[in-house]
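Here's a walk through a two-chain model, written for someone who would rather look at the structure than at a printout. Keep the viewer open and follow along.

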Amino acid sequence: MRALTILKNAAFILALPLLLILLWWLGTLGGTNFYVPTPLQLIVTFFQTWFGERMVEDVLPSIGRLFAGIALTIAIGIAVGVVIGLFRPLRRVLEPLLEFFRAVPPPVLVPLLMLIIGVNDQMKVTVIVSGAVWPVLLNTVEGVRGTDQIMRDTARSYRMTRTQQLLHLVLPAASPQILTGVRQSLPIALILMVISEMFGSSTGLGLSILQFQRNFAIPEMWSGILVLGLIGFGLSIAFRIVERRILRWYHGLREVQREG
Amino acid sequence: MKAERKDAAPLLVVDHLKKVYPTPDGGVEAVRDLHFSVPAGQLACIVGPSGAGKTTLLKCIAGLLPITSGSVSLLGEGVTGPPQAMAVVFQENGRSLFPWMSVQANVELPLKSAGLSRDERRRRAEEALHAVGLDEVGGSYPWQLSGGMQQRVAIARAIAYQPKVLLMDEPFAAVDAQTRADLEDLIRTIWMQLGVTILFVTHDIDESVYLGERVIVLSNSPTVVQDDIAIDLPAERDQLTTRNAPRFAELRGRIYEQIQRAKHNRGTESIQVADAG
């Protein structure tokens, strides 16, 4: 019974991708379009291109910078968001400014940061953080601001210290919003990882794809896009697992509220 | 019959308390002049028409709202912030419990700020949960429990804190009648076992008579004390006989009458009260 359910779920998840691959295969049967490789060609190229030297020289450093960027994004976003969310005067002063910075498209910062920081890992991580931090930061502000008044009164009446209120009330209460922000910032971080590598870089996934394209190494270029897709997919799966764990209480609570 | 004022220093003194909420056009006077004191060990109920500023009063006493003039003192010391010797059970217990923590952790949390050791916290929390009849649910989340059980957890959290005074703000407003009766009896039992002083705010006249040794009737907002009635029912009460006693009906009638008058009294009428006892 259980095995059958798993099988059924797998069928639901895989049916459409398999169908699309089949259509793609059928589409490439007739002729040879230079720009579109066959599925088999792509898979072979994928393994040949990426599982070797490139894994160490391009893929892993890119992923490393991506993770560093995401970690900094979450840390800075939450820390600054909590401070702004807790102090109303600060919020009123900063909110218009934050909206402005958030509205600046992060890729335009790349040339600027190249000049200020130089072409190095720090610059690339800074680009990632500069664009990805906003959803986390702004959602944290909202989450902190929305802390239930009765819960705050309760914490105060039991004389909880500021640190205790932060750890046991403010952060957990804001955690659903914070994680919403993190989910929004993950794809932004991935996009900026690629873009940060397309300018004056010497390694990385973004650069590799650009080079393949310039050299008309079309199947290789496609396989690079596939790598990016897989990284994005992996990120979203990892996020789901972490989110389920942290917000177990929240999903349970929501379910009870829906029933009641 | 006025509640007798004990000569022994009262535990809680509310001295000409006035609370004005500041607004651009001068402010809204929620509480005009409240003056009463509660001796140690008393279970006093506060009733008033809806909108009488009951919650405002309670928050002022709890040190959660600044007072405009007058004072509140507990054990002879002025209340300027939440005092150590006080615990508050709020109106919506479901919202005052932290949904991300287990029941046990919720009850233990205030004890952490009181600086107790882990073992001591666990022991007290288990005792308190036992006292409210919830031995089995320490590991559950609050939202997995019924409304009535959530109120019990909030009460357990308050008594584990071992306060001298327990403030309760319409804690049973949102539960069904049967649960409410059980919780009323629980409060009586806890009060008699622990000897804690309880100030119980409610809008329900029957509840105030059933629970209290004394009922303080508030006027409409801006609030003053409209009447202060001693409840001379026997200490052992039960839902059936107590509520059917003739004396219960008399007291209930008197308070009802005062509430009706309170609805029209906006703190201006002089407080001369006919003695119904």
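What follows covers the contact between the chains, then the sheet, then a few backbone oddities.

**Where the chains meet**

Keep in mind that this is a predicted model. Chain A puts 20 residues into the contact, and chain B puts in 27 residues. Together they bury about 2,400 Å², with carbon and sulfur atoms giving 64% of that area.

How many salt bridges are there between chain A and chain B? The count is one. To find it, look for Lys59(B) and Asp153(A), whose side chains meet at 3.0 Å, N to O. Polar contacts turn up across the interface too: five residue pairs, with both residues at pLDDT 80 or more.

On the chain A side, three helices each supply at least two residues to the surface that touches chain B: α7 (149-157), α8 (162-198) and α11 (248-259). Which helix of chain A gives the most? That's α7(A), with six residues. Sorted by class, the side of chain A that touches chain B has 10 nonpolar residues, five polar ones and five charged ones.

**The sheet in chain B**

Now swing over to chain B, which has an open sheet of 10 strands with mixed pairing. Reading across, the order is β5-β4-β1-β2-β10-β9-β3-β8-β7-β6. The edges are β5 and β6 (86-89) of chain B, and each of these pairs on one side only. Helix α5 (residues 147-160) of chain B packs on this sheet, where it touches β6(B) and β7(B) (165-169). The direction of α5(B) makes about 175° with that of β6(B).

As a reminder, strands of a sheet pair through backbone hydrogen bonds, either parallel or antiparallel. The β5 end of the order gives some antiparallel examples to trace. Here are three pairings from that part of chain B:

| Strand pair | Sense | Bridges |
|---|---|---|
| β1(B) (12-21) and β4(B) (69-74) | antiparallel | five bridges |
| β4(B) and β5(B) (77-78) | antiparallel | two bridges |
| β1(B) and β2(B) (28-38) | antiparallel | seven bridges |

Leu12(B) is a handy landmark here. It stands opposite Leu74(B) in β4(B), and in β2(B) the bridge partner of Leu12(B) is Val38(B). From Leu74(B) you can step along to Glu77(B) in β5(B), which Leu74(B) stands opposite. Elsewhere along the β1(B) and β2(B) pairing, Lys19(B) faces Val31(B) in β2(B) as its opposite number.

**Turns and positive phi values**

Two hairpins are worth a look. The one made by β4(B) and β5(B) has two residues between the strands, and Leu75(B) takes a positive phi near 55° there. In the hairpin of β1(B) and β2(B), six residues sit between the strands, and Gly26(B) in the turn has a positive phi of about 100°.

Loops have their share as well. Where is Phe216(A) found? It's in the loop between α9 (205-214) and α10 (218-246) of chain A. Phi of Phe216(A) is near 55°, a positive value in a residue other than glycine. In chain B, Gln162(B) is another non-glycine residue with a positive phi, this one near 50°. You'll find Gln162(B) in the loop between α5 and β7 of chain B, and both of those elements came up earlier, with α5(B) touching β7(B) as it packs on the sheet.

Notes
Residues are numbered from 1 along each chain as its sequence is written. Chains are lettered from A and ligands numbered from 1 in the order in which they are written. This is a predicted model: local features need pLDDT of at least 70, side-chain atom pairs count only at pLDDT 80 or more; totals for chains, interfaces and linings use all residues. Side-chain values use heavy atoms; hydrogens and water are left out. Contact means heavy atoms within 4.5 Å. Buried area is the accessible area (1.4 Å probe) that two parts lose on being put together, summed over both. A salt bridge is a side-chain nitrogen of Lys or Arg within 4 Å of a carboxyl oxygen of Asp or Glu. A polar contact is a pair of N or O atoms within 3.5 Å; within protein, one must be able to donate a hydrogen and the other to accept it, and residues adjacent in sequence count only if both atoms are side-chain atoms. Helices (H or I, at least four residues) and strands (E, at least two) are DSSP runs, numbered from the N terminus. Ala, Val, Leu, Ile, Met, Phe, Trp, Tyr, Cys and Pro count as nonpolar, Asp, Glu, Lys and Arg as charged, and the others, Gly among them, as polar. Two strands pair if DSSP finds at least two bridges between them. Axes are lines fitted to C-alpha atoms, for helices over the stretch in contact, and angles run from 0 to 180 degrees between N-to-C directions.
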